[in-house]
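Colleague: Please take a close look at one part of this model for me, the interior. Start with a single pairing and work outwards.

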Amino acid sequence: MESITCNINASFLESSSYKKAGRHKKPEGTILDIGGIKIGGKAFVVMAGPCAVENENQLITTARAVHEKGGNILRGGAYKPRSSPYSFQGLEEEGLKLLEKARQETGMPVITEVMDTRKVETVCAYTDILQIGSRNMQNFPLLKEVGHCRKPVMLKRGMNATIDELLLAAEYILDGGNEEVMVCERGIRSFETSYRNTMDLNAVPMLKQLTHLPVIVDPSHGTGHAWMVPYLAKAALAVGADGLLIEVHYDPQQALCDGPQSLTVEQFGSLMEELKVLSKALGRSLFVPETSITRT
Ligand code: PEP
Ligand code: MN
């Protein structure tokens, strides 16, 4: 009985169908370098910002706060995949311009979603990392298009996708020649309705076993409740993730998108303090850019 279990695990973990994403291709793991910020190494990276870019004041105020509290990369959606066509759809290119402005103001690289093959070139012109959202994880033409880009890509797990499907989707990007890929667990659909999604933290050690690509966790979409986010963020660090994607808004009650799951600036600051302590206890650290390390 024992040996059968072992054999099943061994063949499953061999990850041979993941020709380029498989751990065997790079046992030491991939470390992405986003303007000096290393994702996939010992340090834990935090990407944070509003769900959607709404206006200059909202973005710049939130971006400055995220930076001040130790966030590494600014997130913000300019093209939003909304369930209803009547909901705010994002500022589109205007939003991308504001992200560029926020990058200049804070020095933080930015990550933003691209939903449409026809917009890949435009989004690439402004962003440091392309985000492929949950709903587009198996949009194969889009995966092929970003596979031809020279921009790092964060691929989010589809809400109904298995780990196998996520890694095969990553293969499309890698197979196109783009080697700078990370994957993101953002919660999956389950029978549970008391939170927005079921945060599948099992995925983190499993992905770390199967692939050399960095693994990010998004506890904002994973829970849908701001008060739950710090718990799952800390759990993500403990379970071995390489970083977080967190929604922060300077005034969540006024947010045009995902306010209930967005942390206030103060809540984000407290979480960063807790992550600092926890990362040390786990033999890791929060990522601090070279330029902000005070040399004595
Ligand atoms: C987002 O990051 O704002 C987003 C839309 O996420 P997901 O694709 O995981 O729903
Ligand atoms: Mn969101």
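**Strand pairing and what surrounds it**

Modeller: Opposite V110 in β5 stands L74. This is a predicted model, in which local features need pLDDT of at least 70 and side-chain atom pairs count only at pLDDT 80 or more, while totals for chains, interfaces and linings use all residues. Residues are numbered from 1 along each chain as its sequence is written, chains are lettered from A and ligands numbered from 1 in the order in which they are written, and side-chain values use heavy atoms, leaving out hydrogens and water.

Back to the strands. Strand β4 (residues 73–75) and β5 run parallel, joined by two bridges. Strands here are DSSP runs of E, at least two residues, and helices are runs of H or I, at least four, numbered from the N terminus. Two strands pair if DSSP finds at least two bridges between them. From β4 the chain passes through helix α3 (residues 93–106) to reach β5, in a right-handed β-α-β crossover. Right-handed means that, with the strands pointing away from the viewer, the path from the first strand over the helix to the second runs clockwise.

β5 also pairs with strand β6 (residues 129–132), again in the parallel sense, over three bridges. Here I111 stands opposite I129 in β6. Helix α4 (residues 120–126) completes a right-handed β-α-β unit with β5 and β6.

Which way do the side chains of β5 point? In β5 (residues 110–113), V110 and T112 point one way, and I111 and E113 the other. All of these residues are buried (under 20% relative accessible area; exposed is over 50%, partly exposed in between; 1.4 Å probe, protein chains only). In a regular strand the side chains alternate between the two faces of the sheet.

Now the nonpolar packing. A nonpolar core is a set of buried Ala, Val, Leu, Ile, Met, Phe, Trp, Tyr and Cys residues joined through side-chain atoms within 4.5 Å. The largest one has 71 residues, and L155, I246 and L275 touch the most other members. Helix α6 (residues 163–175) gives the largest share of this core, seven residues. A second, separate core has 16 residues, among them I39, A43, C184 and I216.

Take I246. I246 sits in strand β10. Its relative accessible area is 0%, so I246 is buried. Beyond four places in sequence, the contacts of I246 (heavy atoms within 4.5 Å) include M47, A48, G49, R75, P219 and S220. V229, A233, L263 and L271 are also touched by I246. L275, with the same sequence neighbours set aside, is in contact with F44, V46, A233, K234, L237, L244 and L286.

D242 lies just along the chain, in the loop between α9 (229–238) and β10. D242 has 3% relative accessibility and therefore counts as buried. Among the residues that D242 touches, not counting those up to four places away, are I39, G40, G41, A43, F44, V45, K208 and R284.

Then the metal. Which residues give the donors of the manganese ion (ligand 2)? They are C51 (SG), H221 (NE2), E247 (OE) and D258 (OD), at 2.0 to 2.4 Å. Donors are N, O and S atoms within 2.8 Å of the metal (3.2 Å for Na, K and Ca); water is not among the atoms, so sites may look incomplete. Along the sequence the donor residues follow C-x169-H-x25-E-x10-D. C51, in the loop between β3 (43–49) and α2 (56–68), and E247, in strand β10 (residues 243–247), are 196 residues apart, so the pair links distant parts of the chain. C51 is buried at 2% relative accessible area. E247 is buried too, at 1%.

Two residues are less covered. Y250 belongs to the loop between β10 and α10. At 36%, Y250 is partly exposed. Contacts of Y250 beyond four places in sequence are N57, Q58, T61, T62 and V265. S270 is in helix α10 (residues 265–281). S270 is partly exposed, at 41%.

Last, confidence. The protein chain averages a pLDDT (the predictor's confidence in each residue, from 0 to 100) of 94, and 93% of the residues score at least 70. Residues 1–8 fall below 50, and this stretch has zero contacts in the model beyond near neighbours in sequence.
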